[in-house]
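Okay, everyone, thanks for coming. I'll put the structure up on the screen now, and then we'll walk through a few spots together.

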Amino acid sequence: MPSLGAVNEILPVSPPRAWAEIDLGALKRNLAVAREAFGGELMAVVKAGAYGHGLEEIAKALASEEIAFFGVANVGEARRIRNAGVGTRIYLLGATWSEEREEIVARDWTPCISSIEEAEQFNRLAAARGVRLKVHLAVDTGMGRGGFVAEHLPEKLAQLERMENLEVEGIGSHLPSADEDEEFTLRQFAQFHAIIRDLGGESRFRWRHLSNSAGLLGFDQGCCNLSRPGLMLYGVSPLPGFQEKLGTVMSLKSRVTLVRTLPAGHGVSYGRQFVTTQPTRVATVGIGYGDGYPRHVSGKGADVWIRGRRLPILGRITMDQMMVDVTGAGDVAEGDEVEIFGSNIPVAEIAEKAETIVWEIFTGITPRVMRCYKA
Ligand SMILES: *Cc1c(COP(=O)(O)O)cnc(C)c1O
């Protein structure tokens with residue numbers, strides 16, 4: 001079992017049935033792969049609790065890795081990084097609320113700007129404090145989620161440059177389909193390059209960034225000198241061709257709680273969608289959709305890994321438990337460790353069977369699942 005000490009001391013609960021082992025060494029090696037493939041500086045994207053890996057622990061693990069920024073979704077995540085004692089610059093990937101901006105200025109976090117109104121407010125707040133806030137110009141080259149559209153840019157940048165307490169130190173855009181549409185993505189890179197040229201050239205912006213993981217791995221970076229990888233740091237490549245370069249960071253684990261033999265003709269789990277056709281040894285495992293394992297994989301042929309073997313899940317996933325066919329694995333016993341996904345069962349396989357994406361699987365692992373870290 002992983003160390004349960006702190007949790008058991010604080011909480012009068014039984015040991016967790018499911019836990020996630022997080023390999024910080026693999027995280028750092030994946031960061032090195034990103035750095036090597038990109039050749040420029042990195043913004044490590046740690047939004048949504050570092051994709052379910054634990055925001056504070058991941059930020060602390062990467063704090064000494066000379067990352068230019070941590071990319072977060074909102075000020076709550078930014079606070080958590082600072083409260084963890086990590087001083088790396090923080091970039092807010094999405095739009096901010098008006099009420100949040102005073103804190104952003106006071107704490108010198110870096111927003112991306114999508115409207116003149118928000119820029120004006122940042123400028124006023126910075127003036128009131130007698131500081132100059134560094135901001136990035138957000139450009140919408142096809143994502144449709146934020147930023148200025150290209151035709152208005154020269155005029156908007158000129159307006160921003162007249163705001164004395166703002167410093168437009170960067171320009172960024174986002175790729176909606178770098179893992180699905182190469183042709184469109186190549187056009188985005190070309191457009192981003194042309195935009196920067198028209199706004200005064202590369203030297204105008206200290207930071208020029210466009211790529212997520214798929215953009216970083218699959219494309220020539222042109223004039224960009226900063227990249228924003230997320231998923232690949234956590235060991236999964238959005239472009240399957242690069243998967244072997246990356247190491248598994250999260251292994252979702254559980255244990256066998258029971259092993260029984262059911263007779264032929266016996267249903268397994270809700271809805272009795274699976275019925276045994278022969279005497280079947282069934283292991284019950286202590287993880288379910290209440291832990292974030294997708295119920296949608298029920299009946300799709302997903303496997304788990306026990307004692308060096310792939311073994312199939314039977315019937316529907318329940319909230320706290322699932323059943324596994326261990327008929328051909330006579331040695332499986334109560335208490336055995338089960339890999340739900342990890343280095344033997346790729347998380348991408350589970351995402352595909354659940355008809356979703358790995359990002360959603362990772363961020364869907366619920367708080368009940370204890371995260372255990374190994375350096
Ligand atoms: C989430 C996000 C990223 C990271 O994307 P991955 O595909 O996980 O690498 C990069 N940039 C922005 C703006 C994002 O929102």
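So, look at Trp 359: an N or O atom in its side chain is 2.9 Å from an oxygen atom of the ligand. And keep in mind that what you see is a predicted model.

Who else is around the ligand? In total, 13 residues surround the ligand, and the closest are Lys 47, Tyr 51, Ser 213, Gly 230 and Leu 231. Take Lys 47: its side chain has an N or O atom 2.7 Å from a ligand oxygen. Gly 230 does it with its backbone instead, where an N or O atom lies 2.8 Å from an oxygen atom of the ligand.

Let's zoom out for a second. The protein has 12 helices and 19 strands. Its C-alpha trace spans about 80 × 50 × 35 Å along the principal axes. Of the 375 residues, 53% count as buried. And if you take the contacts between residues at least 6 apart in sequence, 66% of them join residues at least 24 apart.

Now, one helix: H2, residues 24-38. How far apart should its ends be? You count 1.5 Å a residue, and the expected span uses one less than the number of residues. With 15 residues, H2 should therefore span 21 Å, and its end C-alpha atoms are indeed 21 Å apart, so the two agree.

What happens at the two ends of H2? At the start, a side-chain oxygen of Asp 23 reaches to within 3.0 Å of the backbone nitrogen of Gly 25. After the helix comes Gly 39, with a positive phi, near 85 degrees.

Which residues of H2 are buried? They are Leu 24, Gly 25, Ala 26, Leu 27, Asn 30, Leu 31, Val 33, Ala 34 and Phe 38. If you like spotting patterns in that list, remember that an α-helix has 3.6 residues a turn, so residues three or four places apart point the same way. The cover over the buried residues of H2 includes strands E1, E2, E10 and E19, along with helices H4 and H10.

Let me pick one residue from H2, Val 33. Leaving aside neighbours within four places in sequence, Val 33 is in contact with Met 232, Lys 245 and Leu 246. Compare that with Asp 140: Val 33 and Asp 140 are 107 residues apart in sequence and 28 Å apart in space, C-alpha to C-alpha.

Okay, aromatics. The count comes to five aromatic pairs. One of them is Phe 69 with Trp 207, an edge-to-face pair with 5.4 Å centre to centre and 75 degrees between the planes. That pair links distant parts of the chain, with Phe 69 in strand E3 and Trp 207 in strand E9, 138 residues apart. Are these two buried or exposed? Both Phe 69 and Trp 207 are buried. Add Tyr 91, and the three form one aromatic cluster.

There are arginines here too. Arg 206 lies over the face of Trp 207, at 3.7 Å from the ring centre. Arg 204 lies over the face of Phe 205, at 4.8 Å from the ring centre.

Last stop, Arg 208, which also lies in strand E9. Its relative accessible area is 10%, so Arg 208 counts as buried, the cut-off being under 20%. What does its side chain reach? The backbone oxygen of Cys 223, at 2.6 Å. Setting aside neighbours within four places in sequence, the contacts of Arg 208 include Ile 171, Phe 192, Glu 202 and Leu 226.

Terms used: Residues numbered from 1 in each chain as written. Predicted model: local features only at pLDDT ≥ 70, side-chain atom pairs only at ≥ 80, totals over all residues. Heavy atoms only, no water. Helix = DSSP H or I, 4+ residues; strand = E, 2+ residues; numbered from the N terminus. Buried < 20%, exposed > 50% of the residue type's maximum accessible area, 1.4 Å probe, protein only. Contact = heavy atoms within 4.5 Å. Polar contact = N/O pair within 3.5 Å; in protein donor to acceptor, adjacent residues only side chain to side chain. Phe/Tyr/Trp six-rings, centres within 6.5 Å; stacked < 30°, edge-to-face > 60°. Lys NZ or Arg CZ within 6 Å of the ring centre and 35° of its normal. Near = heavy atom within 4 Å.
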